[in-house]
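Here are some worked exercises to go through with the model open beside you. Try each task before you read its solution.

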Amino acid sequence: MRNFLLSLASVALLGISPGAGLAQDFGFQVSNSVSLEQVTVAQSNVVPQKTGGRGDNNATIIGQQGRDNRAVSSVSGSLGAGTLLLQRGQANNVVAIVQDSPGSMIAQAQLGAGNYSIAAIIGGRNNGIAAVQIGNRLSSSVALVNSESTKVVYGQAGREYSGGIVIRNAPPGTVIRLN
């Protein structure tokens with residue numbers, strides 16, 4: 001069942017087969033006409049949390065299964081923004097920050113052990129980041145700064161890889177996929 005879920009997640013998020021995660025090539029694609037892929041993960045211990053205040057209509061959902069996993073979410077000055085953080089395994093750390101970016105969303109998932117992921121959206125509006133890591137001792141950093149209606153999909157699988165990207169002032173409708 002675990003292999004099936006890993007296969008499904010890698011195909012849905014990255015458009016690759018699970019075996020392709022073992023290669024060390026770098027894929028990069030940018031387009032202005034494709035929407036952000038969405039992933040639904042069934043989780044038995046998902047805890048919805050209302051964040052923000054003063055009627056900001058923000059939401060954070062954190063679902064974790066395993067041991068010693070840590071998740072931090074911060075949403076400020078961003079009406080209608082939200083984060084979804086899912087982790088399964090042990091000793092994983094995930095951080096999501098949405099600041100001054102109304103309507104923006106971050107979704108991060110990690111399966112494995114010893115993984116670290118940080119995603120931030122600062123400024124702009126209606127942006128999205130989806131980041132997935134499947135494996136062990138992986139790290140990623142993804143940031144969108146002062147962009148509008150920009151989507152970033154970042155994924156990696158395997159072990160002991162590290163990567164990151166900062167995108168600034170992207171034109172509206174830009175979609176960037178990294179795997």
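Helices (H or I, at least four residues) and strands (E, at least two) are DSSP runs, numbered from the N terminus. This is a predicted model, in which local features need pLDDT of at least 70 and side-chain atom pairs count only at pLDDT 80 or more, while totals for chains, interfaces and linings use all residues. Residues are numbered from 1 along each chain as its sequence is written, and side-chain values use heavy atoms, with hydrogens and water left out.

**Exercise 1. Get an overview of the chain.**

Task: work out how many helices and strands the protein chain has, and what share of its residues is buried.

Solution. Step one is the tally: 1 helix and 13 strands. Walk along the sequence and you meet the pattern α-β-β-β-β-β-β-β-β-β-β-β-β-β.

Step two is burial. Buried means under 20% relative accessible area, exposed over 50%, and partly exposed in between (1.4 Å probe, protein chains only). By that yardstick, 40% of the 179 residues are buried.

Step three is the surface. Areas here come from the Shrake-Rupley method with a 1.4 Å probe, and for residues only the protein chains shown count as cover. The chain exposes about 9100 Å², with carbon and sulfur atoms supplying 54% of it.

Step four is contacts, meaning heavy atoms within 4.5 Å. Of the contacts in the chain with a separation of 6 or more, 32% link residues 24 or more positions apart.

**Exercise 2. Trace the open sheet.**

Task: find the strand order of the open sheet of 5 strands, and say whether the pairing is parallel or antiparallel.

Solution. Two strands pair if DSSP finds at least two bridges between them. Following those pairs gives the order β4-β6-β8-β10-β12, and the pairing is parallel. The edges are β4 (70-76) and β12 (162-168), each of which pairs on one side only. For angles, axes are lines fitted to C-alpha atoms (for helices over the stretch in contact), and values run from 0 to 180 degrees between N-to-C directions. With direction ignored, neighbouring strands of this sheet are turned by 0° against each other on average.

Now zoom in on two pairs. β4 and β6 pair in the parallel sense over 7 bridges, and Ser-73 has Ala-96 in β6 as its bridge partner. β6 (residues 93-99) also pairs with β8 (residues 116-122), in the parallel sense and over 7 bridges. Here Val-94 stands opposite Ser-117 in β8, and Val-98 stands opposite Ile-121.

**Exercise 3. Find the nonpolar cores.**

Task: which residues have the most contacts inside the largest nonpolar core, and which strand gives the most to it?

Solution. A nonpolar core is a set of buried Ala, Val, Leu, Ile, Met, Phe, Trp, Tyr and Cys residues joined through side-chain atoms within 4.5 Å. The largest one has 20 residues, and Ile-106, Ile-129, Leu-144, Val-152 and Ile-167 have the most contacts inside it. The elements giving two or more residues to this core are β6, β8, β9 (128-136), β10 (139-145), β11 (151-159) and β13 (175-178). The top contributor is β6, with 3 residues. Apart from this core lies another, of 5 residues, among them Leu-86, Ala-109, Ile-134 and Ala-157.

For a closer look, pick Ile-167. Leaving aside neighbours within four places in sequence, Ile-167 is in contact with Ala-143, Leu-144, Val-145, Ser-147, Val-152 and Ile-176.

**Exercise 4. Inspect two polar residues.**

Task: are Thr-83 and Ser-104 buried or exposed, and which side chains do they make polar contacts with?

Solution. Take Thr-83, in strand β5 (residues 82-90). Thr-83 counts as buried because its relative accessibility is 6%. A polar contact is a pair of N or O atoms within 3.5 Å; within protein, one must be able to donate a hydrogen and the other to accept it, and residues adjacent in sequence count only if both atoms are side-chain atoms. The side chain of Thr-83 has such a contact, of 3.1 Å, with that of Thr-60.

Next is Ser-104, in the loop between β6 and β7 (105-113). Ser-104 is buried, because its relative accessibility is 0%. Its side chain makes a polar contact with the side chain of Ser-101 (2.6 Å), and a polar atom of the Ser-104 side chain lies 2.9 Å from the backbone nitrogen of Asn-127.
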